[in-house]
Amino acid sequence: MTASPARSIACAAPAAHSTTSWADALDTLPVASPLPFALDARRCLPLDLRDGSGTLGAIDPADTVAFGAAVDRARRAAGADYAAGGYAEDRGLYRRSPVFDDGEDDRRTLHLGIDLWLDAGTSVHAVLGGRLHSLQDNARFGDYGPTLILEHEVEGLRFHTLYGHLARRTLSGLRAGQAIATGERLGWLGTPEENLGWPPHLHFQIIRDLGGRHGDYPGVCRRAEAAAWLANCPDPNRLLRIPALRNTLACA
């Protein structure tokens, strides 16, 4: 099937780049936690949402209340303060939304960020300083809802970070181009109503090349195109540095 113009803009695979050196450079950057506590100072439950993981059991992911309750139960059972995970996970739960269906047989199911699961209203902070590249309310069922993209340039290295599933009030008072300091409060986690059907969580993603996009960038790709997307969106734990997520990649 020929890709529609909308698909070619929104979710065509990024151009190939040599990314090893720039991704490795992320490991040494001084960073802050995106949450109001140090991520390595609280217990984290590594959350696996792949089909067959058992996390959701027989729960329909489209049932937001049941989905959120399952995550909360797993976190409490583990005695964890927050749950996180998801980079390079192949998640069938994206079948719940037409956002991830581009009209191809191979739907987009491979997750490109790390999700941090915590209560709505939790403050969200800049992991790394830079400037606010763009902001947008991606208001489609299953999409990000309110979203921020920051641009960073460190020793000639330019890249971006995306913060999705925020509270709508986050967008008030922010403007594209404004300077953002490391650790600065950006906003808050949104409710399921603001996040178009998702339980409260932060989607955090590193992006080398936005491909001309503003306020939005695919957070899920096709399995067949995984190599290109994962090269452009390296493991966010290079910046988050959550001990519990080291060596937990579902695929390379």
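**Gly 183, helix α3 and the aromatic pairs**

Leaving aside residues up to four places away in sequence, Gly 183 touches Ala 32, His 125 and Ala 126, where contact means heavy atoms within 4.5 Å. The structure is a predicted model, in which local features need pLDDT of at least 70 and side-chain atom pairs count only at pLDDT 80 or more, whereas totals for chains, interfaces and linings use all residues. Residues are numbered from 1 along each chain as its sequence is written, and side-chain values use heavy atoms, with hydrogens and water left out.

**Overall make-up**

- The protein has five helices and twelve strands, taken as DSSP runs numbered from the N terminus (helices H or I, at least four residues; strands E, at least two).
- Of its 252 residues, 53% count as buried, a term that stands for under 20% relative accessible area, with exposed meaning over 50% and partly exposed in between (1.4 Å probe, protein chains only).
- Among contacts between residues at least 6 apart in sequence, 76% join residues at least 24 apart.
- The exposed area of the protein is about 10800 Å², of which carbon and sulfur atoms supply 50%, as computed by the Shrake-Rupley method with a 1.4 Å probe.

**Surroundings of Gly 183**

- Gly 183 belongs to the loop between β9 (179–180) and β10 (185–188), and with a relative accessible area of 29% it is partly exposed.
- Although Gly 183 and Pro 36 are 147 residues apart along the chain, their C-alpha atoms are separated by 9.2 Å.

**Helix α3**

- The 14 residues of α3 should span 20 Å at 1.5 Å a residue, and the end C-alpha atoms are indeed 20 Å apart, which agrees; the expected span is 1.5 Å times one less than the number of residues.
- Buried in α3 are Thr 64, Phe 67, Gly 68, Ala 70, Val 71 and Arg 75.
- These buried residues cover an arc of only 155 degrees around the axis, so they lie on the same side of α3, the arc being that of the directions from the helix axis to the C-beta atoms.
- The buried residues of α3 pack against β1 (44–46), β2 (82–85) and β4, while the face turned away from that buried side carries the exposed residues Val 65, Arg 76 and Ala 77.
- After α3 comes Gly 79, which has a positive phi, near 65 degrees.

**Aromatic pairs and charges over rings**

- The structure holds five aromatic pairs, defined as rings of Phe, Tyr and Trp (its six-membered ring) with centres within 6.5 Å, where planes under 30 degrees apart count as stacked, over 60 as edge-to-face and the rest as tilted.
- One of these pairs joins Phe 67 and Trp 117, whose ring centres are 5.8 Å apart and whose planes stand at 45 degrees, so the pair is tilted.
- That pair links distant parts of the chain, as Phe 67 in helix α3 (residues 64–77) and Trp 117 in strand β4 (residues 114–117) are 50 residues apart.
- Phe 67 counts as buried at 0% relative accessibility, and Trp 117 does so at 4%.
- Tyr 163 and Phe 204 form an edge-to-face pair, at 5.2 Å centre to centre and with 70 degrees between the planes.
- Tyr 163 lies in strand β8 (residues 157–164) and Phe 204 in strand β11 (residues 201–207), 41 residues apart, and both residues are buried.
- Phe 67, Trp 117 and Trp 198 form one aromatic cluster.
- Arg 42 lies over the face of Phe 37, at 4.4 Å from the ring centre, and Arg 169 lies over that of Trp 188, at 3.8 Å; a charge sits over a ring if NZ of Lys or CZ of Arg is within 6 Å of the ring centre and within 35 degrees of the ring normal.
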